[in-house]
Each structure stands twice: as structure tokens, then as C-alpha cells.
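Work through these exercises on charged side chains with the coordinates open. Try each task before reading its solution.

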Amino acid sequence: MAEARQRMKAAFAISGEELKDGEHHMERQPVTSAFVKSVGFDQNVLEVELVNGQVYRYPGFAVAAYEELMGAKSFGRAFGTLVRGLPYERVDPASESTRG
């Protein structure tokens with residue numbers, strides 16, 4: 001968990017923003033999906049906000065995969081293929097992030 005957290009802190013430091021526990025600095029775009037509200041991407045970190053308000057970050061996500069995800073006819077199907085099963089970090093505003 002510490003390694004993924006350090007990579008994310010480094011990614012946000014490069015973009016000029018400091019990542020602190022419980023803070024969301026990545027800009028996200030709304031998407032058309034029954035379970036995903038919005039998606040952001042910066043420095044190979046994919047950030048996904050679900051309709052229930054939970055936020056997940058996927059470090060090491062490829063630019064090509066992000067472009068494929070955002071350009072897919074079915075966001076849900078593409079999400080299942082490209083994202084599900086990848087290592088992630090859940091961002092909980094009330095406490096520190098947890099890794100899955």
C-alpha cells in the first residue's frame with residue numbers, strides 16, 4: 001500500500017498538486033453509466049467515482065487503455081474488460097485510502 005501511495009503522491013507532485021488523505025484533486029469527466037458517475041486520468045492514474053460516491057484510483061493505468069475506455073460505445077462493458085480486477089486504492093474522505 002505504501003508503494004502505491006508514494007506513486008500517487010509523486011504523480012500529483014509532478015502535476016503541481018499535493019495529494020493528502022481524503023482529498024480529491026483530479027478533475028473528472030461525467031460518463032454515461034449505471035454505476036460510474038465520473039472518470040479522471042492524470043499521470044497514469046485512473047480515478048473512478050461511482051454513483052454511490054465511492055472513489056477508486058488505479059495507478060499505472062495506460063494512456064491507450066484510458067482512451068479506449070472513454071471512446072467505447074459501452075462504457076460498462078469497456079470498464080469490465082479494461083479496469084475490473086486491477087489493483088486499486090479506494091479513497092475515503094473520512095479516513096486514509098485503502099488498497100484492494
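The exercises below deal with salt bridges and burial.

This is a predicted model, where local features need pLDDT of at least 70, side-chain atom pairs count only at pLDDT 80 or more, and totals for chains, interfaces and linings use all residues. Residues are numbered from 1 along each chain as its sequence is written, and side-chain values use heavy atoms, with hydrogens and water left out.

**Exercise 1.** Find the salt-bridge partners of R28.

Solution.
- Apply the criterion: a side-chain nitrogen of Lys or Arg within 4 Å of a carboxyl oxygen of Asp or Glu.
- E47 qualifies, with N to O at 2.4 Å. R28 sits in the loop between α1 (2-14) and β1 (29-30), and E47 lies in strand β3 (residues 45-50), 19 residues apart. Helices (H or I, at least four residues) and strands (E, at least two) are DSSP runs, numbered from the N terminus.
- E49 also pairs with R28, at 3.2 Å, N to O. E49 is in strand β3, 21 residues apart from R28.

**Exercise 2.** Place R57 relative to E47.

Solution.
- The closest N and O atoms of R57 and E47 are 2.4 Å apart, a salt bridge.
- R57 belongs to strand β4 (residues 55-59) and E47 to strand β3, 10 residues apart.
- The structure holds three salt bridges. R28, E47, E49 and R57 are linked in a network.

**Exercise 3.** Classify the side chains: buried (under 20% relative accessible area), exposed (over 50%) or partly exposed (in between; 1.4 Å probe, protein chains only).

Solution.
- R28 has 26%, so R28 is partly exposed.
- E47 has 0%, so E47 is buried.
- E49 has 13%, so E49 is buried.
- R57 is buried, as is E47.
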